[in-house]
Amino acid sequence: MGWYSTPAPSGLGWGLLAALFCGILIFGARLGWWGDHHGGRKQRLVPRAVIIACVCAGSATLVLLGAPRPVVALVVAMLATLFVTLAVTVVARWKISVHTPAVGGVVVLALLIYGAHMLALVPLAALVAWSRVRLGNHTVAQVIAGAALGAGLAGLLFQLFTQRPSRLTAQF
């Protein structure tokens with residue numbers, strides 16, 4: 001997304017900065033900072049809270065530093081997805097997938113940015129979903145719901161954040 005928004009070394013920098021804030025969950029899990037995010041519903045709450053805090057900090061940092069809108073849109077879409085999956089986990093007591101929203105969002109954003117030939121990514125998304133079910137971490141319904149959630153929120157928020165105002169809306 002960084003390179004798409006700014007096809008120069010600075011674009012890569014924006015992408016790396018966003019990835020730093022959004023990737024803290026993986027680093028923390030590998031270092032044993034918190035419980036296993038693959039475990040039961042309760043074990044997923046601490047990692048989710050930490051990643052939400054980091055992504056909030058990342059969003060604010062990107063906005064304050066003047067990051068390109070597509071990069072901010074990507075991080076905000078991730079944040080919105082995290083909030084919804086956390087709500088589903090806590091309120092509905094259902095272990096919705098977090099992996100499939102990520103891959104669903106990536107596929108939709110690739111389609112929006114680069115066109116229909118990115119449909120070639122759909123089998124990769126299906127493999128991620130299959131692996132989550134095969135490993136016994138989720139049901140088919142949980143991975144489908146996750147993929148739909150990620151694709152829908154990423155597509156919607158990316159469109160909202162990156163649309164240029166028309167002459168009509170610019171007057172208001």
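User: What share of the 172 residues of the protein chain counts as buried?
Analyst: Keep in mind that this is a predicted model. A residue goes in the buried bin when its relative accessible area is under 20%. Over the 172 residues of the protein chain, the share that counts as buried comes to 38%.

User: How many helices and how many strands does the protein chain have?
Analyst: Reading along the sequence, you get the pattern α-α-α-α-α-α-α-α-α. The tally for the protein chain is therefore 9 helices and 0 strands.

User: Of the contacts with a separation of 6 or more, what percentage comes from residues 24 or more positions apart?
Analyst: A contact here needs heavy atoms within 4.5 Å. Take the contacts in the protein chain with a separation of 6 or more, then pick out those between residues 24 or more positions apart: they make up 72%.

User: Where do the buried residues of H2 lie around the helix: on one face or spread out?
Analyst: Helix H2 covers residues 9-22, and its 14 residues should span 20 Å at 1.5 Å a residue, which agrees with end C-alpha atoms 20 Å apart. Its buried residues are Gly-11, Trp-14, Ala-18, Phe-21 and Cys-22. Looking down the axis of H2, these buried residues fall within an arc of 100 degrees, so they line one face of the helix.

User: Which residues are exposed on the other side of H2?
Analyst: Exposed means over 50% relative accessible area. On the other side of H2, the exposed residues are Pro-9, Leu-16 and Leu-20.

User: Which helices are included in what covers the buried residues of H6?
Analyst: H6 runs over residues 99-114 and reaches 22 Å from its first C-alpha to its last, close to the 22 Å expected. Its buried residues are Thr-100, Pro-101, Val-103, Gly-104, Gly-105, Val-107, Leu-109, Ala-110 and Ile-113. The cover over them includes helices H1, H5, H7 and H8.

User: How are H6 and H7 oriented: roughly parallel or roughly antiparallel?
Analyst: The axes of H6 and H7 come within 9 Å and cross at roughly 175 degrees. Anything over 145 degrees counts as roughly antiparallel. That makes the orientation of H6 to H7 roughly antiparallel.

User: How many nonpolar, polar and charged residues are in the contact of H6 with H7?
Analyst: From H6, the contact is made by His-99, Thr-100, Val-103 and Val-107, and from H7 by Val-122, Ala-125, Val-128, Ala-129 and Arg-132. Sorted by class, the contact of H6 with H7 has 6 nonpolar, 2 polar and 1 charged.

User: Is Val-122 buried or partly exposed?
Analyst: Val-122 lies in helix H7. Its relative accessible area is 40%, while buried means under 20%. So Val-122 is partly exposed.

User: Which residue has a positive phi although it is not a glycine?
Analyst: Gly-115, which follows H6, has a positive phi near 100 degrees, but that one is a glycine. The residue you're after sits in the loop between H5 and H6 and counts as exposed at 61% relative accessibility. Its phi is about 55 degrees, and the residue is Arg-93.

User: What distance separates the C-alpha atoms of Ser-5 and Pro-70?
Analyst: Ser-5 lies in helix H1 and is partly exposed, with a relative accessible area of 21%. Leaving out residues up to four places away in sequence, Ser-5 touches Pro-68, Pro-70 and Val-71. Ser-5 and Pro-70 are 65 residues apart along the chain, and their C-alpha atoms are separated by 6.1 Å.

Note on methods
Residues are numbered from 1 along each chain as its sequence is written. This is a predicted model: local features need pLDDT of at least 70, side-chain atom pairs count only at pLDDT 80 or more; totals for chains, interfaces and linings use all residues. Side-chain values use heavy atoms; hydrogens and water are left out. Helices (H or I, at least four residues) and strands (E, at least two) are DSSP runs, numbered from the N terminus. The expected span of a helix is 1.5 Å times one less than its number of residues. Buried means under 20% relative accessible area, exposed over 50%, partly exposed in between (1.4 Å probe, protein chains only). The arc is that of the directions from the helix axis to the C-beta atoms. Axes are lines fitted to C-alpha atoms, for helices over the stretch in contact, and angles run from 0 to 180 degrees between N-to-C directions. Angles under 35 degrees count as roughly parallel, over 145 as roughly antiparallel, 65 to 115 as roughly perpendicular and the rest as oblique. Ala, Val, Leu, Ile, Met, Phe, Trp, Tyr, Cys and Pro count as nonpolar, Asp, Glu, Lys and Arg as charged, and the others, Gly among them, as polar.
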